[in-house]
Every structure is written in structure tokens, then in C-alpha cells.
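Open your viewer, pick a representation that shows side chains, and keep the selection box handy. We will hop from stop to stop.

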Amino acid sequence: PGRAADPAAGALDLGLSYTAEIWANADGGIARGVRYLDLLLADARLDGARAVGWDGATAYASVYYANGASLTNDLVGDKQIVSNIETGVRLVRLYQAWLEAPLLSGRATLKA
């Protein structure tokens, strides 16, 4: 009692995930050794209705960081990448960003 509910409460969802792998080349390939690979993914989703009163609108963005260790090029030497989180370079990248909004009184949507 006495406090009005904040209309923007719950408008922003944040997510964070971390993947780590330890790989070893024990025999064959280019060289023996161990590599630690990791990938950090952060994302944010904004509900347009709760944030600014724009019903049906959603904004989304995700960014990732990879540590850059290379198992394939440094140790294994194959033509395929050993791990799907292996990048070979340390990097931070915008993975995706979009805005989705209703059109024609909600009969269609536009995502850009």
C-alpha cells in the first residue's frame, strides 16, 4: 500500500552463459598439448510494452567473448575444427541484434 507499481518493472531480461572445455592431443597431429577453450555469451531482451508502452515490440542483442586458444591449428592439424567454440583468435563480437515491431494493427510484424 502507498506505492504505485513500476510499469517498467520486468521490461529487461538479461542472460549470461559460460561454456568451458579442456582438450588434449595425446598422440599424433602436429604436437602434444592441452588447450582450454571458453565462450561467454551475454544477451538482453527489452519488452517494448513494459519499457515504453509499445505493445508487441521487442528489442534483442547478444554479444560473445571467445578466449582464442587454437586446438585445431596448433595441436591437431586437421581440416575440420575440433570444437564449435574454437575461434583461433581472442575476440568480442556482437552476435545478433534486432528490433521486432507489430504492423497493421498486429496482423503482421517487422523484424529488422
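Select Ser 70 and Glu 86 together: their side chains are joined by a polar contact of 3.3 Å. A polar contact here is a pair of N or O atoms within 3.5 Å; within protein, one must be able to donate a hydrogen and the other to accept it, and residues adjacent in sequence count only if both atoms are side-chain atoms. Before going further, note that this is a predicted model, in which local features need pLDDT of at least 70 and side-chain atom pairs count only at pLDDT 80 or more, while totals for chains, interfaces and linings use all residues. Residues are numbered from 1 along each chain as its sequence is written, and side-chain values use heavy atoms, with hydrogens and water left out.

Stay on Ser 70. A polar atom of its side chain also lies 3.2 Å from the backbone nitrogen of Asn 73. Ser 70 sits in the loop between β3 (58–66) and α2 (71–76); helices (H or I, at least four residues) and strands (E, at least two) are DSSP runs, numbered from the N terminus. Is Ser 70 buried or exposed? Ser 70 is buried, at a relative accessible area of 6%, where buried means under 20%, exposed over 50% and partly exposed in between (1.4 Å probe, protein chains only). Show what touches Ser 70, skipping residues up to four places away in sequence, and you get Arg 35, Leu 75, Glu 86 and Gly 88; contact means heavy atoms within 4.5 Å.

Next, select Asp 38 in strand β2. Which side chain of opposite charge is nearest to Asp 38? Arg 90 is, 7.0 Å away, and Asp 38 is buried yet has no salt bridge. Such a bridge needs a side-chain nitrogen of Lys or Arg within 4 Å of a carboxyl oxygen of Asp or Glu; for charge, Lys and Arg count as positive and Asp and Glu as negative, with His and the chain ends not counted. Draw two distances from the side chain of Asp 38: a polar contact of 2.8 Å to the side chain of Tyr 18, and another of 2.9 Å to that of Asn 67. Beyond its neighbours within four places in sequence, Asp 38 is also in contact with other residues, including Thr 19, Tyr 65 and Ile 85.

Tyr 18 leads to the surface. Select it with Leu 16, Ile 22, Val 34, Tyr 36 and Leu 40 to see a nonpolar patch with about 640 Å² of accessible area together. The elements giving two or more residues to this patch are β1 (12–25) and β2 (33–47). Ile 22, in strand β1, is exposed at 66% relative accessible area.

Now move to Arg 32, in the loop between β1 and β2. Arg 32 is exposed, at 63% relative accessible area, and its side chain reaches the backbone oxygen of Ala 26 at 3.1 Å. Add Asp 74, 42 residues apart from Arg 32 along the chain: their C-alpha atoms are separated by 9.3 Å.

Finish in the loop between β4 (91–103) and β5 (108–111), the place of Leu 104. Phi of Leu 104 is near 50°, and Ser 105 has a positive phi of about 55°. Most residues other than glycine have a negative phi. Both are exposed: Leu 104 at 58% and Ser 105 at 75%.

Definitions and conventions:
Patch = residues over 30% accessible without salt bridge, like charges linked within 9 Å, V, L, I, M, F, W, Y side chains within 5 Å. Areas by Shrake-Rupley, 256 points an atom, 1.4 Å probe, with all protein chains shown as cover.
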